[in-house]
Amino acid sequence: MAKRGNSIIKGVEIEEVIRLLNKAYADEWLAYYQYFIESKVVKGIMKDAAIAELDQHATDELRHANMVADRILQLGGTPLLHPQDWFTHTNCGYEEPKDFDVVAILEDSIKGEQCAISTYSEIADIVKDKDIVTYDIVSEILADEVEHEEDLQALHDDISEFVESIKNSCRA
Ligand code: FE
Ligand code: FE
Ligand code: MG
């Protein structure tokens with residue numbers, strides 16, 4: 001493929017789009033691993049429902065990493081080659097689970113999704129009406145991240161309510 005590194009698509013520098021996509025790429029791998037390991041260590045009430053959700057999200061984040069890597073390559077860039085680079089490029093960072101309780105795990109993941117939503121919203125704003133292919137990919141991922149956040153929040157609320165009702169029935 002021809003090197004298009006210094007080209008511009010309707011006022012957006014391709015190098016800048018590649019840089020933003022590589023940062024999102026780092027986020028996706030870290031999000032994938034966070035869900036992967038959370039699903040392994042999570043404990044507590046209704047943990048099976050949480051495991052199903054965490055596993056599904058891990059699969060989605062890996063698919064996002066694929067989509068972003070393919071777009072970086074199409075633009076003539078190179079996806080980050082070393083896992084160490086994930087930590088120097090990430091927007092959202094990596095939070096290892098410290099408290100394995102299902103409610104704490106869900107809260108960590110909700111924070112991660114909120115960061116992913118703001119990252120993809122920013123990229124979408126920058127490439128809108130300029131790099132339409134990237135815009136479409138980023139919008140599709142953004143819709144998934146919004147759904148992730150909603151699913152986790154709903155599960156978090158269900159489990160919290162259930163825990164609360166058990167506490168109340170013990171007191172009665
Ligand atoms: Fe993602
Ligand atoms: Fe997500
Ligand atoms: Mg889900």
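## Helix H2 and a magnesium site

Glu53 and His57 sit 4 residues apart in helix H2, about one turn of the helix. Helices are DSSP runs of H or I with at least four residues, and they are numbered from the N terminus. This is a predicted model, where local features need pLDDT of at least 70 and side-chain atom pairs count only at pLDDT 80 or more. Residues are numbered from 1 along each chain as its sequence is written.

**The magnesium site**
- Glu53 (OE), His57 (NE2) and Asp151 (OD) are the protein donors of the magnesium ion (ligand 3), lying 1.9 to 2.4 Å from it.
- Donors are N, O and S atoms within 2.8 Å of the metal (3.2 Å for Na, K and Ca); water is not among the atoms, so sites may look incomplete.
- In sequence, the donor residues follow the spacing E-x3-H-x93-D.
- Glu53 is buried, at 16% relative accessible area.
- His57 is buried too, at 0%.
- Buried means under 20% relative accessible area, exposed over 50%, and partly exposed in between (1.4 Å probe, protein chains only).

**The length of H2**
- H2 has 28 residues and should span 40 Å at 1.5 Å a residue; its end C-alpha atoms are 40 Å apart, which agrees.
- The expected span is 1.5 Å times one less than the number of residues.

**Positive phi angles**
- Gly76, just after H2, has a positive phi of about 90 degrees.
- Met46 is not a glycine, yet its phi is positive, about 60 degrees.
- Met46 lies in the loop between helix H1 (14-41) and helix H2 (47-74).
- Met46 is partly exposed, at 33% relative accessibility.

Technical notes
Chains are lettered from A and ligands numbered from 1 in the order in which they are written. Side-chain values use heavy atoms; hydrogens and water are left out. Helices (H or I, at least four residues) and strands (E, at least two) are DSSP runs, numbered from the N terminus.
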